[in-house]
Amino acid sequence: MGPGRPTPLYTEAQRRRRDATRWTLVQGVLAPLQFLAFLVSLALVLRALATGEGLLAANLSVVVKTGLLYAIMVTGSIWEKAVFGRYLFAPAFFWEDVVSMLVLALHTAYLAALVGGLLAPEPLLVLALAAYAAYLVNAGQFLLKLRAARLQGAPRAGHLDAAGGLP
């Protein structure tokens, strides 16, 4: 890459592995499903905080959201191994993985506090909101990487392939 050109997110070999692994599809299904669960849960948590009603539904929704988070983290680690040769902290996704660890820690703290009865309802729901704020940051990171991957794969205007045509 020349000066001023960003480092590509994937090498050609990594792109082929990414496109060949079924874990890419799994991630593509789980990510929007988790986001939908997040939206529903956020509404339920905010309702419970505002009205004091629906605490059970709010707690169950956070548990469901956390289960989806665990699923996407485990399958995402398998995807990262298939594409980059390591389960976590591949250079291309290092900071996303760092923030993911914070997201996991906050969601897990919520579960521990819920199961252990360590927090009253209001602080417990505030902990869920903190976990959700970290999740939103992490989701934003991944959306930026998805955009970068799409831009990297898109043909550049005026760029000719080896045969003289547009790729």
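Is Arg47 buried, partly exposed or exposed? At 39% relative accessibility, Arg47 comes out as partly exposed. The legends below take that residue and several others in turn, all from a predicted model.

**View 1. The whole chain, an all-in-a-row run of α elements.** Before zooming in, here is the overall picture: the protein has 5 helices and 0 strands, and from the N terminus on the elements read α-α-α-α-α. Of its 167 residues, 34% count as buried. Take the contacts with a separation of 6 or more, and 68% of them turn out to join residues 24 or more positions apart. The accessible surface adds up to about 9700 Å², with 71% of that belonging to carbon and sulfur atoms.

**View 2. The largest nonpolar core, built around residues such as Val62 and Tyr110.** This core holds 26 residues, and the ones with the most contacts inside it are Val62, Leu69, Val103 and Tyr110. The elements giving two or more residues to it are H2, helix H3 (55–84), helix H4 (94–116) and helix H5 (121–153). H5 supplies the largest share, with 9 residues. As a bit of background, nonpolar side chains tend to be buried together in soluble globular proteins.

**View 3. Val62 and its partners.** Stay with Val62 for a moment and skip its neighbours within four places in sequence. What is left in contact with Val62 is Ser41, Val45, Tyr110, Ala128 and Tyr132. Apart from the core of the previous view lies another one, of 10 residues, including Trp23, Val83, Ala90 and Ala149.

**View 4. Gln27, a buried residue of helix H2.** Gln27 sits in H2, which spans residues 22–51. Its relative accessible area is 18%, so Gln27 counts as buried, the limit being under 20%. The side chain of Gln27 reaches the backbone oxygen of Ile72 at 3.5 Å. Ile72 also turns up in the contact list: with residues up to four places away left out, Gln27 touches Pro32, Ile72, Thr75, Gly76 and Trp79.

**View 5. A nonpolar patch on the surface, with Val40 as one of its members.** Leu33, Leu36 and Val40 make up this patch, and together they have about 270 Å² of accessible area. Val40 belongs to helix H2. With a relative accessible area of 47%, Val40 is partly exposed.

**View 6. Salt bridges in and around helix H1.** A search of the whole structure turns up 4 salt bridges. In general, side chains of opposite charge can pair when their charged atoms come close. Glu12 pairs with Arg15 in one of these bridges, the closest N and O atoms being 3.8 Å apart. Both Glu12 and Arg15 lie in helix H1 (residues 12–20), and they are 3 residues apart, about one turn of the helix. Arg15 is buried, at a relative accessible area of 14%. Another bridge links Arg18 with Asp19, where the closest N and O atoms are 2.8 Å apart. The two ends of that pair fall into separate classes: Arg18 is buried at 14% relative accessible area, whereas Asp19 is exposed at 52%.

**View 7. The Glu53 and Arg47 salt bridge.** Here is the residue from the opening question again. Glu53 forms a salt bridge with Arg47, and their closest N and O atoms are 3.7 Å apart. Glu53 is partly exposed, with a relative accessible area of 48%. Arg47 is partly exposed as well, at 39%.

**View 8. Helix H1 and Val83, seen from Gln14 and Ala20.** Gln14 has its place in helix H1. At 16% relative accessibility, Gln14 counts as buried. Neighbours within four places in sequence aside, Gln14 is in contact with Leu9, Val83 and Phe84. Ala20 is also found in helix H1, but Ala20 counts as exposed, at 65% relative accessibility. Ala20 and Val83 are 63 residues apart along the chain, and their C-alpha atoms are separated by 9.2 Å. Val83 is also among the residues of the 10-residue core mentioned in View 3.

Notes. Residues are numbered from 1 along each chain as its sequence is written. This is a predicted model: local features need pLDDT of at least 70, side-chain atom pairs count only at pLDDT 80 or more; totals for chains, interfaces and linings use all residues. Side-chain values use heavy atoms; hydrogens and water are left out. Helices (H or I, at least four residues) and strands (E, at least two) are DSSP runs, numbered from the N terminus. Buried means under 20% relative accessible area, exposed over 50%, partly exposed in between (1.4 Å probe, protein chains only). A polar contact is a pair of N or O atoms within 3.5 Å; within protein, one must be able to donate a hydrogen and the other to accept it, and residues adjacent in sequence count only if both atoms are side-chain atoms. Contact means heavy atoms within 4.5 Å. Accessible areas come from the Shrake-Rupley method with a 1.4 Å probe; for residues, only the protein chains shown count as cover. Patches are made of residues with over 30% relative accessible area and no salt bridge: like charges are joined within 9 Å, nonpolar side chains (Val, Leu, Ile, Met, Phe, Trp, Tyr) within 5 Å. A salt bridge is a side-chain nitrogen of Lys or Arg within 4 Å of a carboxyl oxygen of Asp or Glu. A nonpolar core is a set of buried Ala, Val, Leu, Ile, Met, Phe, Trp, Tyr and Cys residues joined through side-chain atoms within 4.5 Å.
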